[in-house]
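These are my notebook entries on one structure. I set down each item as I looked it up.

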Amino acid sequence: SFQSKIPEGLRRLPGPKPLPIIGNVLEVGRRPYLSLTAMSKRYGNVFQIQIGMRPVVVLSGNETVRQALIKQGEEFSGRPDLYSFQFINDGKSLAFSTDQAGVWRARRKLAYSALRSFATLEGTTPEYTCVLEEHICKEAEYLIKQLNTVMKTEGSFDPFRYIVVSVANVICGMCFGRRYDHNHQELLSLVNLSDEFGQVVGSGNPADFIPALRFLPSKTMNKFVSINARFNKFVQKIVSEHYASYDKDNIRDITDSLIDHCEDRKLDENANVQMSDEKIVGIVNDLFGAGFDTISTALSWSVMYLVAYPEMQEKLYEEIRNNVGLDRTPLLCDKSKLPLLEAFILETLRHSSFLPFTIPHCTTKDTSLNGYFIPKDTCVFINQWQINHDPELWKDPSSFNPDRFLSSDGTEINKLEGEKVMMFGMGKRRCIGEVIARHEVFLFLAIIIQNLQFHTMPGEPLDMTPEYGLTMKHKRCQLRATIRARCEQQ
Ligand code: HEM
């Protein structure tokens, strides 16, 4: 096993004893968020496991994670060179690649400013404060119509199947200036996957750590490679069309703005970070990928909690009816009037913790944490699930209880409690889509709760067990919905 020299004054990392060749793969098992949370109780907030031959440091506890990702942010800001990452965005991903710090930082800044400027752009009519709001409102209304039609023709529906198209359309609108029909076959086949992507990329996939496994036939891995290839081709085609019709005086969307950046840069002789056009325009691939999977998973879990807690669904509907009314579409500016909805979203994120680990990190130099030595290039897992279920932080963490986020009179969100929910990472690698994600989840939910009432299928128990992956999904299921008749209830 590996025996690097420990500098004086620092301790060796604790952790379970690894077996030869496979390390701790068996103890980690198929639900790493549970097994690694259990290990944190035994070994503490900083411990080490071995996956295959490779050591991995696992961080738990709000304070420890804060110390690593914020106070020592630089040292913990790398990404490990995992086998599966090379297939994502042709190995040129902003989120998953091992870009040098300078290149990653420049790309992240570019992605962030493109995203922000296209989300806050003015809408086409004054009723919307920004295009993001306009896209969401329109897609949510299409979604309601679509579900209503499907209910009439089929009698039930798979919520994820429809939500994912609506959410993909919002990010497609910003990235590519277009939307797709709910029955568009090419888009459906890309976004409506069972989760081969997340299962391979989720923290602790043995094939990422044990080279021998890469040579064994694996259906999941083959699907993963082919999904990535199809995804890249889909985006590449749209990007080529953008190059062909690009006009610097009419920047239509995020793709155009990234192309524009490449053109500008060619004139800038002082540019200090060298980046290929591919690495710049390829950013749109990351934004599109990160922008539909996460948000549709969040919404789909929300709908599951609505049907699991029907009295909560009614309370949320009443809140909208009383504070927004039924004769107009809810807007982003209604947020402060809907504290229960906000609390319900926070509790959905916390309780599901559907992103149980951040994307794996990697140390950029020799460092130490809580007195333990951690060498350069060590892979680091951040256990968000543990933080969201830590009995030190939360009363009765396993129960679903949105009230925990409300002030005692129920009229306001308790901000400090809300900030304890760990879903977007923190520090230098923190999610750049967080604001958009929070707006989108809020507005989609407000609009669908105002218009639809969801039910389980009679006699079918609801299965809320998550399937492990980068983003954990619930099992696909059939639900029913009834339209809330606006006029009757006013
Ligand atoms: C990274 C969560 C939505 C873009 C991340 C990370 C998490 C996360 C946990 C990894 C942080 C780390 O490695 O420490 C979420 C959740 C979302 C969401 C829960 C929705 C509910 C979005 C959206 C976008 C986006 C809508 C863009 C449109 C990104 C990007 C990164 C990232 C580009 C990589 C950042 C980097 O490596 O520097 N997100 N995200 N995310 N997210 Fe999100």
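**Entry 1: the ligand.** Which residues are the closest to the ligand, and how many surround it? I worked from a predicted model. I counted 26 residues around the ligand. The closest are A95, T358, G425, C431 and G433.

I then asked which elements give two or more residues to this shell. They are α4 (101–120), α13 (283–308) and α18 (434–451). Helix α13 gives the most, with seven residues.

I also sorted the shell around the ligand by residue type. It divides into 17 nonpolar, five polar and four charged residues.

**Entry 2: two packed helices.** I next looked up how α14 meets α18. Two packed helices are described by the angle between their axes and the distance between the axes. For α14 (residues 310–323) and α18, the angle is about 95° and the axes lie 9 Å apart. Because an angle from 65 to 115 degrees counts as roughly perpendicular, α14 is roughly perpendicular to α18.

Which residues make the contact? From α14 I noted L316, Y317 and I320, and from α18 I noted A446, I449 and Q450. By type, the residues of this contact are five nonpolar and one polar, with no charged residue. Helix α18 thus appears twice in my notes: it gives residues to the shell around the ligand, and it packs with α14.

**Entry 3: the sheet.** In what order do the four strands of the open sheet lie? I read the order as β1-β2-β6-β3, with mixed pairing. The edge strands are β1 (46–51) and β3 (361–362), each of which pairs on one side only.

I followed the pairing of β1 with strand β2 (residues 54–59). These two strands run antiparallel and are joined by six bridges. As one position to find in the display, I noted V46, which stands opposite L59 in β2.

**Entry 4: confidence.** Finally, I checked how far the prediction may be read. Where pLDDT is low, the predicted coordinates should not be read in detail. The chain averages a pLDDT of 91, and 96% of the residues score at least 70. For the complex, the predictor gives an ipTM of 0.99 and a pTM of 0.95.

Definitions and conventions: Residues are numbered from 1 along each chain as its sequence is written. This is a predicted model: local features need pLDDT of at least 70, side-chain atom pairs count only at pLDDT 80 or more; totals for chains, interfaces and linings use all residues. A residue is near a molecule or strand if its C-beta atom, placed from the backbone, lies within 6 Å of it. Ala, Val, Leu, Ile, Met, Phe, Trp, Tyr, Cys and Pro count as nonpolar, Asp, Glu, Lys and Arg as charged, and the others, Gly among them, as polar. Axes are lines fitted to C-alpha atoms, for helices over the stretch in contact, and angles run from 0 to 180 degrees between N-to-C directions. Angles under 35 degrees count as roughly parallel, over 145 as roughly antiparallel, 65 to 115 as roughly perpendicular and the rest as oblique. Two residues are in contact if their C-beta atoms, placed from the backbone, lie within 7 Å. Two strands pair if DSSP finds at least two bridges between them. pLDDT is the predictor's confidence in each residue, from 0 to 100.
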